[in-house]
Amino acid sequence: MRNGPFFVNDTLVFKYEMPAGNSSSRPHSVYQLPDLRSFLRCDVSKGKMLANWTDGGGEGFEFVMGKWQPYFFACGEANGIHCNIGKMKFFVIPFLRRWNF
């Protein structure tokens with residue numbers, strides 16, 4: 001498991017278990033949020049769903065950070081309840097790689 005630092009063009013892998021058939025637990029999803037304000041408020045209404053509740057099983061869902069910018073992620077199930085209550089959110093600002101000439 002790699003925890004960082006992260007660089008532009010690195011791949012993040014999101015893995016999460018799907019709820020069992022009779023489980024009362026809620027499923028997970030991955031949303032990319034547009035800005036810091038949405039991230040702090042867990043406002044997924046303007047976010048983009050990257051992965052639904054089935055995409056995180058098995059080998060997980062991969063996301064490539066292709067630009068030098070902040071990336072804000074949150075679980076968007078039930079309008080962001082896991083983000084708000086469970087704090088299932090994080091952000092990454094990838095570093096630029098050093099160029100060797």
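**Entry 1. Overall layout**

I began by reading along the sequence, where the chain follows the pattern β-β-α-β-β-β-α-β. I noted that the model is a predicted one. My tally of elements gave two helices and six strands in the chain. I then looked up burial: of the 101 residues of the chain, 34% count as buried.

**Entry 2. The four-stranded sheet**

I turned next to the strands and how they are ordered. I found an open sheet of four strands, with the order β3-β2-β5-β6 and antiparallel pairing. At its edges I recorded β3 and β6 (89-92), each of which pairs on one side only. I also looked up the angle between neighbouring strands of this sheet, which are turned by 30° against each other on average, direction ignored.

Within this sheet I examined one pairing in detail. Strand β2 (residues 30-33) pairs with strand β5 (residues 71-74) in the antiparallel sense, over three bridges. I took Leu33 as a point of reference and found that its bridge partner in β5 is Phe72.

**Entry 3. Strands β1 and β4**

Which strand is joined to β1, and by how many bridges? I found that four bridges join β1 to strand β4 (residues 61-64), and that the two run antiparallel. As one position on this pairing I noted Thr11, which stands opposite Val64 in β4.

I then looked at the two faces of β1. I reminded myself that in a regular strand the side chains alternate between the two faces of the sheet. In β1 the covered face holds Leu12 and Phe14, whereas Thr11 and Val13 are on the uncovered one.

**Entry 4. The segment before β1**

I moved back along the chain to the segment before β1 (11-14), where Asn9 is found. Asn9 has a positive phi of about 80°, although it is not a glycine. With a relative accessible area of 54%, Asn9 is exposed.

Asp10 also has its place in the segment before β1. Is Asp10 buried or exposed? I read a relative accessible area of 7% for Asp10, and 7% is under the 20% limit, so Asp10 is buried. I looked for a partner of its side chain and found that a polar atom there lies 2.8 Å from the backbone nitrogen of Phe7.

**Entry 5. The cysteines**

I searched for disulfides and found one in the structure. Cys42 and Cys83 form this link, with their sulfur atoms 2.1 Å apart. The link of Cys42 and Cys83 is left-handed, with -70° about the S-S bond. I asked myself which parts of the chain the pair ties together. Cys42 lies in the loop between α1 (36-41) and β3 (48-51), and Cys83 in helix α2 (residues 77-86), so the link ties together parts that are 41 residues apart in sequence.

I checked the accessibility of both partners. Cys42 counts as buried, at 4% relative accessibility, and Cys83 also counts as buried, at 0%. Cys75 is in no disulfide, and the nearest cysteine sulfur, that of Cys83, is 8.1 Å away. Cys75 is buried as well, with a relative accessible area of 4%.

I returned to Cys42 for its backbone. Its phi is near 55°, a positive value in a residue other than glycine.

**Entry 6. Aromatic rings**

I then listed the aromatic pairs and counted 11 of them in the structure. I noted for my own use that a pair of aromatic rings is described by the distance of the centres and the angle of the planes. Which residues do ring pairs link into a cluster? The cluster consists of Phe14, Phe61, Phe63, Tyr71, Phe73 and Phe90. Phe14 I had already met on the covered face of β1.

I also looked for charges over rings. The charged end of Lys89 sits over the ring of Phe39, at 4.8 Å from its centre.

**Entry 7. Lys67 and Leu96**

My last search concerned Lys67, which has its place in the loop between β4 and β5. At 56% relative accessibility, Lys67 counts as exposed. I compared its position with that of Leu96: the two are 29 residues apart in sequence and 9.1 Å apart in space, C-alpha to C-alpha.

Conventions
Residues numbered from 1 in each chain as written. Predicted model: local features only at pLDDT ≥ 70, side-chain atom pairs only at ≥ 80, totals over all residues. Heavy atoms only, no water. Disulfide = S-S within 2.5 Å. Buried < 20%, exposed > 50% of the residue type's maximum accessible area, 1.4 Å probe, protein only. Phe/Tyr/Trp six-rings, centres within 6.5 Å; stacked < 30°, edge-to-face > 60°. Lys NZ or Arg CZ within 6 Å of the ring centre and 35° of its normal. Polar contact = N/O pair within 3.5 Å; in protein donor to acceptor, adjacent residues only side chain to side chain. Pairing = 2+ DSSP bridges. Axes fitted to C-alpha atoms, helices over the stretch in contact; angles between N-to-C directions.
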